[in-house]
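Me: I'm new to this structure and would like a close look at the inside of it. Could you walk me through the packing and the empty spaces there?

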Amino acid sequence: MKQKIQNIENLEILFSKLKSEGKKIVHCHGVFDLLHVGHIKHFKEAKTFGDILVVSITPDEFVHKGPGRPAFSTSLRLEALSELESVDYVVANKWPTAEEIIKIIQPNVYCKGPDYKNHSDDITGKITEEESVVKSVGGKIMYTDDITFSSSSLLNKFGNIYSKEQELFIRNIGDKYSFEMIQKKVEGINKLKALVIGETIIDQYVFCEALGKSGKEPVLALRDLETQEYLGGSLAIARHLSSFCETVSVLSFLGKDNEYKSFIENNIEKNITLNFFNKSDSPTIVKRRFVDNIDRKKILGVYSINDELLNEEEEDKFIESFDKLSKEHDLVIISDYGHGIITPRIAEHISNSDKFVSLNAQVNAANIGTHNIRKYHNVNCLIINESELCHELRQRDGNVEEMAVTLQDMISSKYIAVTQGKSGAFLIKNNKNPERSPGFAAQVIDKIGSGDALLALLSVCLHSNLDEKLSLFIGSLAAAQSVETVGNSVPVSKRKLLKTISHLLK
């Protein structure tokens, strides 16, 4: 009996041999999370286009269909597909999209369902790229004509994969908006010109192996295995916006010797314009985190930083640039990490701007006890997490919503959004009853940057006059997307976000 479940490394030899025997290869690709009659009919018809049917599946880590998805693991999906009589071989892809595995299999026919015939209906836009690759290896794309079902729709209806809070929230969104309406609103954000202000930070992750206690001292000894560097701080926020807004600009500072300038320029998206000054007697900020390579838990943080305030000359240059840039942009997004870049004078100047201003002023290990959000006033939206809210009001506990309204009054903000980790977030407008969103992260890899992702998307949604519930929904999904990757390694993707929304609303 032939081995149906194949390793990707064996495919090239396997299918080359089958082709040499005159076999016509048909290839289907997808998630196939919940195997149903629509899939069975699809595979049965696909098999009629050739002699051998191979099905490749998207592995768990690349499935972006919302919390709790995939419902079935890669191994279980492979096993289920291998039991179908019409399927000759199944394999797990190791890339997020199908192009590379198409190149390996080189099918005579690449087969998709009838819902892909109109390429403009594909949210991901990948079907056109897949067709191009199929043609490049001498194959053609064909479509089945049978009835279709949706795994997402069936799981949403019968799968019990969401919490009661998630289910109610999604239902409320779906009752008011179709996916097409949401997609149109998100696409409309593209016209905005966003100016991002804040510290430039290089996030450095040193992945280590724990060796044990030092022989002579009570010190944990580590072996460094790999170092990865990502664009953090204001650059991460700009990157989160890059697939949503056509124009994004950054106003920030580097160290006196322009450390990491080339690295930044080589890794930033093309539609992001950088406006850098140099801070005297300072390095470019590097936040180095030592991470256990097994469980990916952070062990230690070491920061290269000088958080003294800008001098008067640097303040003047900053304010002059802000005045010029703000005229060219629709909204201003500030992430103040408290490292001396946004001085009280600069905060006052920005607060007096007539632009839509959104703010996240973060408490961290370097500024706790000295950072003060109240140097700002009259901002349109303040985004803060629950622990930062308690710190700002010097309250250990209390009613979080009442505390949020208190801080909202103190700085005269139209909106205040409070994030609460896995519990989600709430948004208050003008001291009215809050809109609440549950958390949507399927798995939390790294919480760093989630607030920045929410700040970016919530800001542009509110500025675009999306209602509060929908804006919070989109911002929460952006935060969920962020925590599922290490640090700020991957920006929020509009394509993935829309794909998640489409599956949640089915």
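Reply: Here is a walk through the interior, from the packed parts to the gaps and then the cysteines.

Keep in mind that this is a predicted model. Let's start with the largest nonpolar core, which has 63 residues. Leu241, Phe473 and Ile474 have the most contacts inside this core, and helix H15 gives the most to it, with 9 residues. Take Leu241 as a way in: leaving aside residues up to four places away in sequence, Leu241 touches Ala194, Val196, Val248, Ile333, Ala456 and Val460. Apart from that core lies another one, of 36 residues, with Val332, Ile342, Ala361 and Leu389 among them.

Now for the empty space. There are 2 cavities of 30 Å³ or more. The largest cavity has a volume of about 70 Å³. Its lining includes Phe253, Leu254 and Gly255, along with Lys279, Ser282, His339 and Ile341. Strand E10, residues 247–255, gives the most to that lining, with 3 residues. By class, the lining of the largest cavity divides into 5 nonpolar, 5 polar and 1 charged.

The second largest cavity comes to about 50 Å³. Around the second largest cavity you'll find Tyr205, Phe207, Val291, Arg296, Lys298, Ile445, Asp446 and Val486. This lining has no polar residues, but 5 nonpolar and 3 charged ones.

Next, a space that is open: the second largest pocket, with a volume of about 1100 Å³. The second largest pocket is lined by 41 residues, and Lys447, Ile448, Gly449, Ser450 and Gly451 lie nearest its centre. Several elements give two or more residues to its lining, including strands E8 (200–213), E12 (285–292), E13 (298–304) and E16 (381–385). Helices H15 (450–463) and H16 (468–483) do so as well. By class, the pocket's lining has 17 nonpolar, 15 polar and 9 charged residues.

Last, the cysteines. A disulfide is a covalent bond between the sulfur atoms of two cysteines. The count here comes to 0 disulfides. Take Cys390, which is in no disulfide: the nearest cysteine sulfur, that of Cys381, is 19 Å away. Is Cys390 buried or exposed? Cys390 counts as buried because its relative accessibility is 15%, and the cut-off for buried is under 20%. Cys208 is also buried, at 2% relative accessibility.

Terms used
Residues numbered from 1 in each chain as written. Predicted model: local features only at pLDDT ≥ 70, side-chain atom pairs only at ≥ 80, totals over all residues. Heavy atoms only, no water. Disulfide = S-S within 2.5 Å. Buried < 20%, exposed > 50% of the residue type's maximum accessible area, 1.4 Å probe, protein only. 1 Å grid on protein atoms, 1.4 Å probe; cavity = no way out; pocket = protein on both sides within 12 Å on 5 of 7 lines; lining within 4 Å. Points joined across faces, edges and corners; volume = space filled by probe spheres on them. Helix = DSSP H or I, 4+ residues; strand = E, 2+ residues; numbered from the N terminus. Nonpolar A, V, L, I, M, F, W, Y, C, P; charged D, E, K, R; others polar. Core = buried A, V, L, I, M, F, W, Y, C linked by side-chain atoms within 4.5 Å. Contact = heavy atoms within 4.5 Å.
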